[in-house]
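User: I'd like to go through this complex with you, one question at a time. Shall we start with how far to trust it?

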Amino acid sequence: MTAIEFSGISKAFGRTQVLKDVSFSLPEAQTTAVIGESGSGKSTLLQMINAVYRPDSGTISVFGESIPEKSVWEFRRKIGYAVQGAGLFPHMLAYDNISLLARLENWSETDISKRVTQLLSTMGLSPELARKFPGQLSGGQQQRVGLCRALMLHPRLLLLDEPFSALDPMTRQDLHKHFLASKEVAGTTTILVTHDMQEAVELASYMVILSSGRVLQVGTVEEILAAPVNSYVEELVSLSRS
Amino acid sequence: MKVLGKFLLFLGAMSSIATWAGESRLTLTVGSKNFNENYVLAEIASQLLESRGFEIERKFGLGGTLICFGALVSGEIDAYVEYTGTLSEVILGDDTANTSGAINQSLKVQNLEILPSLGFNNTYAIVLRREMAQARGIHSISQLSTQQNLKLAFSHEFLRRADGWPGLQRAYGIRLAARGIEHGLAYQALADGSIDVTDAYSTDGELRRYNLKMLKDDKSYFPQYLAVPLVRKDLPARARAALVLLGGTINETTMQSMNESVVFEGLSFSEVAKRFLSSHVDLLSETAQQEALPPSEDSENVAQESELFSSIFRNTLVHLKLTGIALLLSVSVGLLLSLLVYRITWLSRTLIYISGLLQTIPSIALLALMIPIFGIGELPAIVALFFYSLLPVIRNTVTALVHVDPLLKRVALAIGLRASERLRIVYLPLALPNILAGVRTATVISIGTATLAAFIGAGGLGDPIVTGLALNDTNLILQGAIPAALLALMAELLFEFIEYLFVSRHFDHTHSS
């Protein structure tokens, strides 16, 4: 099943052409890594899926449907979103950050409480941390809370914009472990943007390789590792083995 | 917001207590300019009218000729004492209209009239020490042209004005040189002999105190500034008749000695007026003549003390009311405008620019500009304070909203918050510390600026300050300045508390142990 399909997508900010005629389709219920260096357009690509940016030309379909023009917030609530630096709201307790959308969706307090407890344990967080403000948490703890927030409403699609990048190696390894072990993630279509080939190989089963706004190669991790299309991809592949 | 609401409720309750008063008798409003003599005359007129059974509202210390006149035209006040020279030059712009008939002809269209002159001319005077005048045999200004070795020093304004020293020199052919001196220092300088001749006003109390000789203006160079009651034509006939009776009762010497009582004996305007009226009992109605006997000393002292605190209390309440209402308006309008425009860069810049421009208008000028539109009293003062406190609110709110962390803005959008939810849940709480800082600045500015509102008859803590400035009475100035400073301080503390409640808790960035 195809989860997401880009066909002929181009996007420019001012005079800078960020994406150039990008086309690919991504499988459902798997983790896809979008790999590229800074400025490759990978983060823009991700934010087109939840309509933070709209393409200049081309069409995007998500689970077979195009992105709605109106009440796009409803569409966005079905998509989990986590970013580098976590982006937690500093004036709200960790608990309130995680449960914000559920509250807006009128969940009952007991449902909210149950779900938050479940997510905290999935991400390896102790329950009392939920009663702290983000400023009182370490970077790794903030990132876990950010992932809990992304998963709160059982999204069918999860967008991750380098959420593990700014962490120290130990914390990152631990988070990777929780991420892979999580049943939450297992059935979810996940798009992970990263510049780290090792991380991509470890977490993803499918890959899109971007450079300067163009797609260089799309395929399963095995396909790409086995047959890189050009020297750039070859270089990336060798990095993953070092 | 709950705390703010309660605070405003409190203000409202206080202000209704402050304005609570019986209004059974016919009320007239008497105004005055903000210098001693005019206060005294307004007080005499007020007490006279009170003796005739009128309720008098005193709007004293209005900041200047145009403010008084504007207030009279708009019916905010019913009468004040003006000077004929000022009327023909400043107000009517026609200095040929200098007889009372000609002035009244010009005032007709505005439904105003002047009543017979009180009996003195408060014009520029050239003065010197009496013993020197006698020794040299100088009685008139024209004799100055033949004098030598006289040290002339004039106030800076008189020295520059065309109708001051330059014109006088030409009219009388005086060749003596003159230098400038601060008017407040001139009398002392005359007394110790460091200068010999200076300019003064012909009714200054200092003329008697320092035993000065006023030289006769034998070529009638200076225009006449006869003091006249200026009234609305719809003044009740009995009130008008009473003020007509005042005509011719005050000559230069009487006025000088009343001014002297205020400046040198420290008597209040009302005491000086009472003293004048008790020596002119014929002016009072028969019943009032019996009541006009001065009260005994004892009861007066006690009355003064409690009067002092109740007047400070009353002024403080009015002050709170003025600033409270103005702030409520500027905060709500400022927030609303900021929310409407913060996303549009050029519009928010324009708004900040305009509100900044409003703040560069000197406060007294802004207050004066309000008069043609809103009259005098509390309304124009509130409007002016509103404009003043708008800038800090708008500038801080727009800046705070624009500078919310772009990552948080992106996340708020991407996780599916609606526009109103982003504002309510994310942007406003994050901007709150800065918005509060803006409101805090606005509050302190308002409390300070509101003291100037007394110039346009709005009352408040500026009242004793304005009167104290006119009287050069530090005690009186402090009766306004200290409570105003305390109010500002309390406002600061209140905001410390509000910030503690809403802000510090939420932004505790210290790691807990």
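Analyst: Sure, and one term first: pLDDT is the predictor's confidence in each residue, from 0 to 100. We need it here because this is a predicted model.

User: Over which residues of chain B does pLDDT stay under 50, with seven contacts beyond four places in sequence?
Analyst: Chain B has a mean pLDDT of 83, with 88% of its residues at 70 or more. Residues 10-24 of chain B fall below 50, but that stretch has 13 contacts beyond near neighbours in sequence. The stretch of chain B under 50 with seven such contacts, counted beyond four places in sequence, is residues 292-299.

User: And the complex as a whole, what ipTM does the predictor give it?
Analyst: Two scores come with the complex. The pTM is 0.67, and the ipTM is 0.93.

User: Which element gives the most to the side of chain B that touches chain A?
Analyst: The contact draws 20 residues from chain B and 19 residues from chain A. On the chain B side, α19 (406-414) and α20 (419-449) each supply at least two residues. That side splits into 11 nonpolar, five polar and four charged residues. The top contributor, with six residues, is α19(B).

User: Which helix supplies the largest share of the largest nonpolar core?
Analyst: That core holds 175 residues, and those touching the most other members include M207(A), A45(B) and L322(B). Take A45(B): leaving out residues up to four places away in sequence, its contacts include V30(B), A79(B) and L246(B). As for the largest share, 13 residues come from one helix of chain B, residues 378-402, which is α18.

User: How many residues are in the second, separate core?
Analyst: Its members include V127(B), A153(B), L168(B) and A200(B). Nonpolar side chains tend to be buried together in soluble globular proteins. For this second core, the count is 26 residues.

User: What is the bridge partner of V127(B) in β9(B)?
Analyst: Start with β5 of chain B, residues 124-129, a mostly covered strand with five of its six residues buried. Three bridges tie β5(B) to β9(B), residues 212-214, and the two run antiparallel. Within β9(B), V127(B) is partnered by M214(B).

User: Which residue of β8(B) stands opposite I126(B)?
Analyst: β5(B) also runs antiparallel to β8 of chain B, residues 197-201, with five bridges joining them. In a regular strand the side chains alternate between the two faces of the sheet. Opposite I126(B) in β8(B) is D199(B).

Conventions. Residues are numbered from 1 along each chain as its sequence is written. Chains are lettered from A and ligands numbered from 1 in the order in which they are written. This is a predicted model: local features need pLDDT of at least 70, side-chain atom pairs count only at pLDDT 80 or more; totals for chains, interfaces and linings use all residues. Two residues are in contact if their C-beta atoms, placed from the backbone, lie within 7 Å. Helices (H or I, at least four residues) and strands (E, at least two) are DSSP runs, numbered from the N terminus. Ala, Val, Leu, Ile, Met, Phe, Trp, Tyr, Cys and Pro count as nonpolar, Asp, Glu, Lys and Arg as charged, and the others, Gly among them, as polar. A residue is buried if 20 or more other C-beta atoms lie within 10 Å of its own, exposed if 12 or fewer, and partly exposed in between; C-beta atoms are placed from the backbone. Two strands pair if DSSP finds at least two bridges between them. A nonpolar core is a set of buried Ala, Val, Leu, Ile, Met, Phe, Trp, Tyr and Cys residues joined through C-beta atoms within 7 Å.
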